[in-house]
Amino acid sequence: MSLAPVWFISHGAPDLVLREQPATRFLRTLRLGALKGLVVISAHWFSRELQINVEPKPALMYDFYGFPEPLYRMRWPASSPEWLQQGVSDQLALAGLTATPVRRELDHGVWSPLSLIDPESEIPLVQVSIPASFTPAQLWQLGEVLGALRSQGIGILASGAITHNLRALAPEGSPVPEWASQFVDWLEQKMADEDRLALLDYRRLAPGAVESHPHDDHLRPLFVALGAADGVAPTRLHDSWDGGSLYMGAYRFG
């Protein structure tokens with residue numbers, strides 16, 4: 001049986017689902033394939049300890065403000081069955097990682113892209129948190145642990161942003177800042193080269209790293225995806241910019 005894929009999706013602004021832009025159209029056409037389940041890591045769930053969401057029918061969290069009213073009326077019928085939750089918990093435990101079960105809603109880093117990709121929620125999912133204390137190397141190792149589930153037909157989807165500097169957002173059609181394009185070029189080249197050491201030290205080595213990520217919360221899911229990919233270079237699935245400097249790149253590994 002072939003391994004289930006790993007994806008990294010730049011989920012963009014919360015109103016991604018309401019706006020017609022290249023990334024929206026791309027996500028509507030993205031197909032995840034015949035998966036038994038999906039493990040999701042989002043840039044919008046940080047926790048003190050490793051946690052797993054065991055809510056079987058999670059509602060949506062509207063973890064934003066100031067957006068059009070229709071966004072707060074969005075619904076998406078996600079399901080998270082016990083067998084999938086238990087399988088992920090057991091896999092983590094095999095590696096000595098204890099995931100504390102919690103019940104929570106799905107943040108927009110999960111439901112915004114997935115409501116476009118899988119509008120009927122045909123693929124069951126379970127969300128695992130990002131421990132706030134984990135370094136990029138530890139997140140990579142977490143991805144390696146989760147990656148073992150791929151042989152069971154369970155895919156891994158990490159949702160974040162390749163560039164994320166909200167203070168640098170500009171009107172649509174504005175030129176892309178040099179620091180943003182240089183960072184994207186460097187990051188994609190290092191992923192293609194499978195240069196783990198450089199990627200883990202991106203903040204010191206990459207041009208435009210600090211400007212692209214004043215805080216690294218939205219890049220952290222990428223390290224989980226890289227670990228789950230087990231050394232396989234990604235295929236870029238989508239390439240566009242939003243708000244001048246927000247890169248909407250999406251990638252598949254395997």
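Ser121 is buried, with a relative accessible area of 8%, because that value falls under the 20% cut-off. In this predicted model, Ser121 lies in the loop that links helix 3 to strand 6 (125–127). Its backbone deserves a look too: Ser121 has a positive phi of about 50° although it is not a glycine. For context, most residues other than glycine have a negative phi.

Asp230 also has a positive phi, near 55°, and is likewise a residue other than glycine. You will find Asp230 in the loop between helix 9 and strand 9 (235–238). Is Asp230 buried or exposed? At 64% relative accessibility Asp230 counts as exposed, because the value is over 50%.

A third loop residue is Leu60, placed between strand 4 (51–53) and helix 2. Leu60 has 6% relative accessibility and so counts as buried. Which residues does Leu60 touch, leaving aside those up to four places away in sequence? They are Met74, Arg75, Trp76, Glu105, Leu106 and Trp111. Leu60 and Arg104 are 44 residues apart in sequence, yet their C-alpha atoms are 9.0 Å apart in space.

Now to the helices. Two packed helices are described by the angle between their axes and the distance between the axes, and the table sets out three pairs in that way.

| Helix pair | Angle between axes | Axis distance |
|---|---|---|
| Helix 4 (136–147) and helix 9 (220–228) | roughly 45° | within 6 Å |
| Helix 2 and helix 4 | about 125° | 9 Å |
| Helix 1 (22–29) and helix 3 (108–117) | roughly 60° | within 6 Å |

Helix 4 appears in two of these rows, so let us start there. Helix 4 has 12 residues and reaches 16 Å from its first C-alpha to its last, close to the 16 Å expected at 1.5 Å a residue. Its buried residues are Pro136, Leu139, Trp140, Leu142, Gly143, Val145, Leu146 and Gly147. The cover over these buried residues includes strand 2 (37–42), helix 2 (82–94), strand 7 (130–131), strand 8 (154–160), helix 6 (196–200) and helix 9.

Take helix 9 as the partner. The axes of helix 4 and helix 9 cross at roughly 45°, which makes helix 4 oblique to helix 9. The crossing is right-handed. On the helix 4 side, the contact is made by Pro136, Leu139, Trp140, Leu142, Gly143, Glu144, Leu146 and Gly147. Helix 9 contributes Arg220, Phe223, Val224, Leu226, Gly227 and Ala228. Sorted by class, this contact has nine nonpolar, three polar and two charged residues.

Helix 2 is another partner of helix 4. The two pack at an angle of about 125°, which makes helix 2 oblique to helix 4. Helix 2 passes helix 4 in a right-handed crossing. Here Val88, Gln91 and Leu92 of helix 2 meet Leu142, Val145 and Leu146 of helix 4. The residues of this contact divide into five nonpolar, one polar and no charged.

The remaining pair is helix 1 with helix 3. Their axes cross at roughly 60°, which makes helix 1 oblique to helix 3. Thr24, Leu27 and Arg28 in helix 1 meet Pro113, Leu116 and Ile117 in helix 3. By class, that gives four nonpolar, one polar and one charged residues. Helix 3 also brings us back to the start, as the loop between helix 3 and strand 6 holds Ser121.

How values were computed. Residues numbered from 1 in each chain as written. Predicted model: local features only at pLDDT ≥ 70, side-chain atom pairs only at ≥ 80, totals over all residues. Heavy atoms only, no water. Axes fitted to C-alpha atoms, helices over the stretch in contact; angles between N-to-C directions. Helix = DSSP H or I, 4+ residues; strand = E, 2+ residues; numbered from the N terminus. Parallel < 35°, antiparallel > 145°, perpendicular 65-115°, else oblique. Left-handed = near helix turned anticlockwise from the far one by under 90°. Contact = heavy atoms within 4.5 Å. Nonpolar A, V, L, I, M, F, W, Y, C, P; charged D, E, K, R; others polar. Expected span 1.5 Å × (residues − 1). Buried < 20%, exposed > 50% of the residue type's maximum accessible area, 1.4 Å probe, protein only.
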